[in-house]
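Trainee: I am new to this structure and would be grateful for a close look at a single part of it. Might you begin with the metal site and then place that site in its surroundings?

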Amino acid sequence: MRKVAIIGVGLTKFGELWDVSFRQMIVEAGARAIEDAGIDGKQIDAMYVGNMSAGQFIHQEHIASLIVDHAGLLPIPCTRVEAACASGGLALRQAFIAVASGIHDIVVAAGIEKMTDILAEQTTEALATAADQEWEAFVGSTFPGIYALMARRHMHEYGTTEEQMAMVAVKNHHNACFNPCAQYHMEVTIEDVLKSALVASPLKLLDCSPITDGAACAILVPAEKARRYTDTPILIAGTGQASDAISLHDRQTLTGLRATVEAVRAAYKMAGVEARDVDLAEVHDCFTIAEIMAIEDLGFCKKGEGGKITEQGETALGGRIPINTSGGLKGKGHPVGATGIAQAVEIAQQLSGEAGKRQVEGAQIGLTHNVGGSGGTAVVHIFKRGD
Amino acid sequence: MGVPRFWREIPNRYNLIGVKCKNCNRVLFPPRFICPGCRRVGKLEPHKLKDRGKIVSFTVVHVPPNGFEGQAPYALAIVELEEGPRLTAQITDCDPNQVKIGDDVEMVFRRVGQEGEDGVIYYGYKARLV
Ligand SMILES: [Zn+2]
């Protein structure tokens, strides 16, 4: 197996982009990544695209063909992959496997979601299809409702508080203020979060990530060739993916994600690192409780202490293990299929020292954690500075 | 949800019929088509579940999905049935804010949801505090 590196990344602005189309977004993100990598489009061998549901969001399937066509990359192979909100992470992993195997040399890993071309309630309904339609959605479950069931149990078992969950939102909104691509440049207070409208108790509106349009791309090459293109290649040192039951009620625990635990175990092993070696991480904070569970499942603290270390500032910029320096799904926005790639973009920029005001000084090792649905799929990647 | 897709599961939804593996005695609900523990050597048979259980976790849904507008706010819970399986169900016939983890419940037959003004009405199980 060959070692694989990222040589360029690109991101659109995240937000409610009413004046920008699906095809325009992917071209923008792709062009930025190609420019960042200093390659010519003609050199690209293949592309993997993460997308949850263009069929529901823009009534368009077969987007792989549409994307390579509008990107001017015909006739290279393009493959769409889907695992709900983990589609982007999956695309990165498939691109990694394609390069590592030797089948392709220069591969684009992309992610995109156009979520605001339909009404907000239709978007919510489309997102809910990531849950079990027959035994969760049928009885009146919503996506926030499913995470609320985890939050309530986490509070019950570990004493996690609504204030601690609110602190995740406060931190991620703060970080997003330093990210030009983020959907929100708006600080929120613990009060704001606690006073926002109840969605599914104990989760309130400001515990939830928003509806977002956005696209992201990363360009992968064999590590041995990476220096031809850049002085700061970012090595993908480990990748892990795992599955769990689609329905929350069929899982062994409600207070963490087994798929995360299994995926990160595989990724740490492949990279030859442990949780304590990681300098920063982008984790899947689709809801504030999800970040608290993620930092526990990834090994950054003991099970049950995620709320406590958040409260103590350990996950803030300048803390022991900065989490979601980009603003996370909460502050940067969550265009579901793009999220897994956007996380890798943030880590690549951080490890290259290009993260501006949110830079984690001296960062050498970063991690991304992308979850599909309520935890039926998890994908973890570990990145190292190439020097 | 289309009519055939609902109709197929009527025995399971109306009468709480799951499956039991004759090889390992595990009771499964919602029904499955292979025992996840025994796989090919498992032997699944229909099994009517006892209707008692306990609340493992709950939420009160304030923003409901389509088809549930008239019911919000409602309590939604993960219930662990006496025979082991867990399911997601609404907690009915109570003030949703009085539901607690550990509460005992019994499963009851209720109207669950509706597809639009003129659409199909779905029936199935909800849970009631005992
Ligand atoms: Zn069995």
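Mentor: The account below starts at the metal site, moves to the chain that holds it, and then turns to the other chain.

The model is a predicted one. The zinc ion takes its protein donors from chain B, namely the SG atoms of B:Cys21, B:Cys24, B:Cys35 and B:Cys38. These donors lie 2.2 to 2.3 Å from the zinc ion. Along the chain they follow the spacing C-x2-C-x10-C-x2-C. The angles among the 4 donor atoms run from 104 to 116°, and the site is tetrahedral. For four tetrahedral donors, the ideal angle at a metal is 109.5 degrees.

The donor residues may next be considered by their exposure. B:Cys21 has 0% relative accessibility and therefore counts as buried. B:Cys38 is buried as well, with a relative accessible area of 16%, because the cut-off for a buried residue is under 20%. B:Cys24, by contrast, has a relative accessible area of 35% and is partly exposed.

Chain B, which supplies these cysteines, contains 2 helices and 8 strands. Their order along the sequence is α-α-β-β-β-β-β-β-β-β. The C-alpha atoms of chain B fill a box of roughly 45 × 35 × 20 Å along the principal axes. Of its 130 residues, 43% count as buried. Among the contacts in chain B between residues at least 6 apart in sequence, 47% join residues at least 24 apart.

The cysteines also raise the matter of disulfides. A disulfide is a covalent bond between the sulfur atoms of two cysteines. Over all chains, the count of disulfides comes to 0. A:Cys177 offers an example from chain A: the closest cysteine sulfur, in A:Cys181, is 14 Å from its own sulfur, so the pair is too far apart for a bond. A:Cys177 is partly exposed, at a relative accessible area of 26%.

Chain A is divided into domain 1, covering 4-119 + 212-234, and domain 2, covering 129-209 + 237-382. The C-alpha centres of these two domains are 23 Å apart. In the contact between them, 40 residues of domain 1 meet 35 residues of domain 2.

Two details of chain A complete the picture. One is helix 4, at residues 87-101. Its 15 residues should span 21 Å at 1.5 Å a residue, and the end C-alpha atoms are indeed 21 Å apart. Because 12 of the 15 residues are buried, helix 4 of chain A is largely enclosed by the rest of the structure. Among the buried residues are A:Leu90, A:Leu92, A:Arg93, A:Phe96 and A:Val99. After helix 4 comes A:Gly102, with a positive phi near 95°.

The other detail is A:Leu17, found in the loop between strand 1 (4-11) and helix 1 (22-37) of chain A. A:Leu17 has a relative accessible area of 13% and is buried. Leaving aside residues up to four places away in sequence, A:Leu17 touches A:Met25, A:Lys114, A:Thr116 and A:Asp213. A:Ser209 stands 192 residues from A:Leu17 along the chain, while their C-alpha atoms are separated by 16 Å.

Definitions and conventions
Residues are numbered from 1 along each chain as its sequence is written. Chains are lettered from A and ligands numbered from 1 in the order in which they are written. This is a predicted model: local features need pLDDT of at least 70, side-chain atom pairs count only at pLDDT 80 or more; totals for chains, interfaces and linings use all residues. Side-chain values use heavy atoms; hydrogens and water are left out. Donors are N, O and S atoms within 2.8 Å of the metal (3.2 Å for Na, K and Ca); water is not among the atoms, so sites may look incomplete. Four donors count as tetrahedral if all angles lie between 85 and 135 degrees; four count as square planar and six as octahedral if opposite donors are over 155 degrees apart and all others between 65 and 115; anything else is irregular. Buried means under 20% relative accessible area, exposed over 50%, partly exposed in between (1.4 Å probe, protein chains only). Helices (H or I, at least four residues) and strands (E, at least two) are DSSP runs, numbered from the N terminus. The expected span of a helix is 1.5 Å times one less than its number of residues. A disulfide is a pair of cysteine sulfur atoms within 2.5 Å. Domain bounds come from an automatic or database domain assignment. Contact means heavy atoms within 4.5 Å.
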